[in-house]
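Grab a pencil: here are two short exercises on reading a protein model. Try each task before you look at its solution.

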Amino acid sequence: MMAERTQLAVDKLQQKYRNAIATYYSCGGHNKARMNKHAAERYKDALIVAGGSVPAKEDCLARGVFNGDGGV
């Protein structure tokens, strides 16, 4: 049960990271880009602590959602 919860948390963090990276690379404003880069760094740190893998840039751009959950 605990392993399932941990995996769900990691999955959610990975998607938030993907969304922040996708928004970072797709937005037009410098401030929005900076905020999303900072958010992605926080999600990356949390993923490392949780023992999850950090998605690659290509994965983020393919599966991330602009302004999705986790994006700023």
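This is a predicted model, where local features need pLDDT of at least 70, side-chain atom pairs count only at pLDDT 80 or more, and totals for chains, interfaces and linings use all residues. Residues are numbered from 1 along each chain as its sequence is written, and side-chain values use heavy atoms, with hydrogens and water left out.

**Exercise 1.** Find out how many disulfides there are, then check whether Cys60 and Cys27 are buried or exposed.

*Solution.*
- Start with the rule: a disulfide is a pair of cysteine sulfur atoms within 2.5 Å.
- By that rule, you get 0 disulfides.
- Look at Cys27: the nearest cysteine sulfur belongs to Cys60 and is 14 Å away, and Cys27 is in no disulfide.
- Cys60 isn't in one either, with the sulfur of Cys27 as its nearest, 14 Å off.
- Now accessibility: buried means under 20% relative accessible area, exposed over 50%, and partly exposed in between (1.4 Å probe, protein chains only).
- Cys60 has a relative accessible area of 0%, so it's buried.
- Cys27 comes out at 15%, so it counts as buried too.

**Exercise 2.** Work out which residues of α2 are buried and where they sit around the axis.

*Solution.*
- Helices are DSSP runs (H or I, at least four residues), numbered from the N terminus.
- Helix α2 covers residues 30–50.
- Its buried residues are Ala33, Asn36, Ala39, Ala40, Tyr43 and Leu47.
- These cover an arc of only 130° around the axis (taken from the directions from the helix axis to the C-beta atoms), so they lie on the same side of α2.
- Turned away from that buried side is a face with the exposed residues His30, Arg34, Asp45, Ile48 and Val49.
- Right after α2 comes Gly51, with a positive phi near 85°.

Notes
Helices (H or I, at least four residues) and strands (E, at least two) are DSSP runs, numbered from the N terminus. The expected span of a helix is 1.5 Å times one less than its number of residues.
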